[in-house]
Amino acid sequence: MIPIPLPWRILMLLALLASGVAFGWIKGAASVQADWQLADAKARAEQVVRIHTITRIINRETVRYLDRVVEIHDLQAGFDKEVPNYVNQDADAACMLPVGFVLYHNAAAEGRALEGGDTGSDHAAASQIPLSAAARTIADNYWRGNQNAEQVIALQEVVKTLRDGCR
C-alpha cells in the first residue's frame, strides 16, 4: 500500500470538512425556510379568521341597524297619518306660519347662517305654509335625527365589538 502524502491528506480533510459544512448549511437553510413558511401560513390563517369575524360582526350590526330604521320608519308613517287629528284644518285656517319662522326653520334645517339679520315687517307677514305642513316637516326632521342616532349607535357597537373581539 502506498502512503498518501501529507498535503493530499490535509486537502482531503479540508474537502470533507467543506462538504460537511455545505451540507449543514443547506439543511439549515431549508429548515429556516420551512419555519418561515409555517409562520406565514399561521399568520394568513389568523388573518382569515379575523376577516371572517369582522365581516360577521358588521353584518350582524347592519341587520340590527336596518331593523331599527324600519321600526322608526313605520312609527313615522303612523305619526304622519295622525297630523290631521292634532293639527286640523281649523288650526291651519287660524294660523299661517310667519315668513320669519319659515326662513329661520329652513336655515337651521339646511345648516346655514340666517340671511341679513333684519327683523323687518316682511318677516311677520303670513306665509302660505299651513301649520300642519310645519308639523309634518318638524316631525320628519326629528325622525331623520332618530335614524341618524341609530346609525351612530350601530357604528359604535361595531367599533366596540371589533375592539373587544379582535384583541
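These are my notebook entries on the salt bridges of a predicted model.

Entry 1, the total. I looked up how many salt bridges the structure holds, and the count came to eight. I followed three of these pairs further, taking for each the N to O distance and the accessibility of both partners.

Entry 2, R60 and E61. The side chains of R60 and E61 meet in a salt bridge, with N to O at 3.5 Å. I then asked whether E61 is buried or exposed. E61 has a relative accessibility of 4% and counts as buried because that value is under 20%, whereas R60, at 32%, counts as partly exposed.

Entry 3, R68 and E150. For the salt bridge between R68 and E150 I noted 3.3 Å between the closest N and O atoms. This pair links distant parts of the chain, since R68 lies in helix α1 (residues 6-86) and E150 in helix α4 (residues 131-165), the two being 82 residues apart. I also looked up the accessibility of both partners: R68 is partly exposed, with a relative accessible area of 27%, while E150, at 18% relative accessibility, counts as buried.

Entry 4, R163 and D164. Here the side chains meet in a salt bridge with N to O at 3.6 Å. R163 is partly exposed, its relative accessible area being 45%, and D164 likewise counts as partly exposed, at 43% relative accessibility.

Entry 5, shared partners. Last, I looked up which residues are joined into one network by salt bridges that share partners, and I found R60, E61 and R64.

Methods. Residues numbered from 1 in each chain as written. Predicted model: local features only at pLDDT ≥ 70, side-chain atom pairs only at ≥ 80, totals over all residues. Heavy atoms only, no water. Buried < 20%, exposed > 50% of the residue type's maximum accessible area, 1.4 Å probe, protein only. Helix = DSSP H or I, 4+ residues; strand = E, 2+ residues; numbered from the N terminus.
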